[in-house]
Every structure is written in C-alpha cells, then in structure tokens.
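Subject: The structure I promised you

Hi there,

Here is the structure we talked about, with my notes below it. Have a look at it first, then read on with the viewer open.

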Amino acid sequence: MEIRLALDGEEKRICHIHNTGFASYISDLNPLYGWREMGPQDVRRWMTQEGSSVWVSVVDGQVVGYAQTLEVVNHGLSEVKALWLAPTPRWEFGQSNIVMDSEYQGRNLASQMLDRVAENARTTGIHLIQALVFSDNEPAEHLFKSAGFMSKDILIYDPFSTTEPLGNSSVYVSLPLKDFSPKGGTDESIRIRAAAVEDAEALAKIHRANVWWDKTTWSEEWNRNYARGEYGHHVLVVEVNGRVVGAMDYYNRGTIGISGVLPEFQKRGIGSALFDRLLEEMKNDGIGIAFADSGLTQAEAISMYECFGFTEERRQNLWTLHLREDVEEAPER
C-alpha cells in the first residue's frame, strides 16, 4: 500500500468513497448536520483551500481510502498548531473525514493512514491532531483510540491557555416546535427586540464575554454585519433598563446560536426569557424543528435546553493526539 497526497484526476474516486462510506449519514441524519453527497468540485476545493490536504491510500494503483486534514493555528499564550480531521467551513457542523472503501475495511489501512498523517505532522511543527467523532460511530472511536488519540470532554492545553479550552466535546439537541407554547411573563424592565446595527458595540462585548472560541466575533465590524443578518442569522437582543445585555440568533434552517448574556446579568432568568422569545419567533417563521450544537463548556446553555424540553440526539466526542512529548496536558476541568 502507498500513502500519499491526492493527485489531480482522483477527485471522482474520492467522491465515490465519501458518498458510499457516509451513505447512512447522508440519507438518515437531519439535514442540519450538513451531510450531503460530494462532487468532484468539492474534493477539488478540499485539495486547494489554504491549509487543507487530502491524503489517500493506494492499493494496486487504485485509491481505496482518504483522510482530509486542515491545519489551524491557535493564538494563545503561545502559537499552537493543530491539524484537524474536520475541515468544514465556518458555521457548519464539523465531522471527521476519514474513510476507507468498504472492500478494504478491517485491514488496518485506516490506522496506517493516520500514522502516516501523524508522521508528516511531526515534521511540520504540528502540536496536536484533533478529530470530532459521533459516539455512535464505534468503528471511528475504535480507530482513534487504537492510534493513541485521547478523548476529552474539555481539553486544556497549557501552551495555549491554562484556563481557556482548546477544544471540547459537544451534544446535539432538538425540539419540535409544533407544540411549543411560549411561557411569556417577562419582567417589565426586560425588553426583547430584533438587533440593530447600533447594537454592534454591545454585541461585541457580549461575544467577548461568552464566545471564547471564535475571536472573529469580537469586533464591532463583525457585529454590525451580524446585526444586519449578513451571515444568515436572525438576531434578537435583550435589554435591561435600556441596556443591551444578551443576544441569541437562528438560521431559517432551524439552527440556534447562543451568543449569551453578560456575566453580571446571568442567573436572573434573562437568558431564559430571551430564549423563550427566540423559539416563539422561530415557530412563527414556520420552522418545524429547533436544532442546536452545544459544547460541553456551555453548561448553562445545555441546562436551558433541558428546561425547555430539548432532547439529546447524539454526542460528538473530541479526540486528540499529542505530538509534543515535552508538553504535559492539564487535568480535565
């Protein structure tokens, strides 16, 4: 077997392996998960986007499996380079993307490919290899465990930060909105409305306080676009005595985003009131199912979903392989 980077002209074969290998996900999962059949143009994008690579396993001159990787540089206490096996575009749900043709499964070929990817990563200064795997995908869980990956609910990596996670496992939850009835009854000092461009400064403060994993959301320029709906969101804000202290959003497809509430206004029912209105707006817009992906760092959001009757559809585990033996990982929080 040969393991190498994919070549021009192999896109169609890689598509076939993807579409057959993930056929059950494509046909059975809620479309909100983002699984779909790929075409040669998609593979070409994988092969050419910055930081992305497609590795292939070749047996007797034929591609029999592939692994898609994306290099991400994390800026914390020091620069930490991670290689992800989930290079989906921003705002889409990430899934690990490594698969073998069904005729070649069970032959240890995927493990050999992971070893080759790790070997190359060590030579290019990568600190970690990370992957997201659904817990019901037992073959993938076994593959990463056998390759030396460790599963963590919340990953603290000291070279990046001693307090902020470098990654986390997630839960996927949903709620049919057909029978949803808003609770209402908010305090008179609370006002909930659609976001406006003038809220950009307040929205930036909310994102800085809550969305630690995505610093692009911290700028006022980004939040002006966010308030306008230029990223596809419908954004609601909550005011307390005239001050914007929280925000949440949703897409027309039913996906929820929890920007959050400023820390000094949390645990006062303000977030629940905003979330109640958000679900009401979604139902009024004709959305049938509300769907959310919450990292396990967002304990308050997960608790709120439970209180509103959301059910957990599945869990996505974070698997990490440490390539720097001189760095000790901090205990899980």
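Glu71 stands opposite Leu83 in strand S4. That pair belongs to the contact between strand S3 (residues 62-75) and S4 (residues 79-84), where 6 bridges join two antiparallel strands. A hairpin links S3 to S4 through 3 residues. Before going further, please keep in mind that this is a predicted model.

S3 has other partners too. On to strand S2: 8 bridges join S2 and S3, again antiparallel. Val59 has Gln62 in S3 as its bridge partner. These two strands also form a hairpin, with 2 residues between them, and Asp60 in the turn has a positive phi of about 50 degrees. S3 is joined to S5 as well, by 3 bridges in the antiparallel sense, and there Ala67 stands opposite Ile98.

While you are in this part of the model, look at Ser57, which lies in S2 (residues 52-59). Is Ser57 buried or exposed? Its relative accessibility is 0%, so Ser57 counts as buried. Leaving out residues up to four places away in sequence, Ser57 touches Met1, Glu2, Ile3, Gln62, Val63, Val64, Gly65, Met100, Leu109 and Met113. A bit further along, Asn108 sits in the loop between S5 (98-100) and helix H4 (109-123). Asn108 is not a glycine, yet its phi is positive, near 70 degrees. With a relative accessible area of 48%, Asn108 is partly exposed.

Now to another sheet. This one is open and has 4 strands in the order S11-S12-S13-S14, with antiparallel pairing. Its edge strands are S11 (190-194) and S14 (256-261), each of which pairs on one side only. From one strand to the next, the twist averages 20 degrees. S13 (residues 243-250) and S14 pair over 5 bridges, in the antiparallel sense, and Met248 has Ile258 in S14 as its bridge partner.

After S14 comes a loop to look at: Lys267 is placed between S14 and helix H8. Lys267 is another residue other than glycine with a positive phi, here near 60 degrees. Its relative accessible area is 79%, so Lys267 is exposed.

H8 itself (270-284) has 15 residues and reaches 21 Å from its first C-alpha to its last, close to the 21 Å expected at 1.5 Å a residue. The buried residues of H8 are Ile270, Gly271, Ala273, Leu274, Phe275, Asp276, Leu278, Leu279 and Met282. H8 is followed by Gly286, which has a positive phi near 85 degrees.

Helix H9 (residues 299-307) buries Ala301, Ile302, Met304 and Tyr305. Seen down the axis of H9, these residues fall within an arc of 160 degrees, so they line one face of the helix. An α-helix has 3.6 residues a turn, so residues three or four places apart point the same way. The face of H9 turned away from the buried side carries the exposed residues Glu300, Glu306 and Cys307. What covers the buried residues of H9? Among the elements that do so are S10 (170-176), S13, S14, H8 and S15 (289-295). H9 is followed by Gly309, with a positive phi near 90 degrees.

Several of these residues come together in the largest nonpolar core, which has 46 residues. Which of them touch the most other members? They are Ile256, Phe275, Leu279, Met282, Tyr305 and Phe310. H8 gives the most to this core, with 7 residues. Phe275 is a good residue to click on: not counting residues up to four places away in sequence, Phe275 touches Met248, Ile256, Ile258, Met304, Tyr305, Phe308 and Phe310. There is also a second, separate core of 29 residues, which includes Ile3, Leu83, Ile98 and Leu109. In soluble globular proteins, nonpolar side chains tend to be buried together.

One last residue to look up is His207, in helix H6 (residues 200-210). At 3% relative accessibility, His207 counts as buried. Leaving aside neighbours within four places in sequence, His207 is in contact with Thr217, Trp218, Trp222, Asn223, Tyr226 and Ser259.

Happy to go through any of this with you over coffee.

Best wishes

Notes:
Residues are numbered from 1 along each chain as its sequence is written. This is a predicted model: local features need pLDDT of at least 70, side-chain atom pairs count only at pLDDT 80 or more; totals for chains, interfaces and linings use all residues. Side-chain values use heavy atoms; hydrogens and water are left out. Two strands pair if DSSP finds at least two bridges between them. Axes are lines fitted to C-alpha atoms, for helices over the stretch in contact, and angles run from 0 to 180 degrees between N-to-C directions. Buried means under 20% relative accessible area, exposed over 50%, partly exposed in between (1.4 Å probe, protein chains only). The arc is that of the directions from the helix axis to the C-beta atoms. Contact means heavy atoms within 4.5 Å. The expected span of a helix is 1.5 Å times one less than its number of residues. A nonpolar core is a set of buried Ala, Val, Leu, Ile, Met, Phe, Trp, Tyr and Cys residues joined through side-chain atoms within 4.5 Å.
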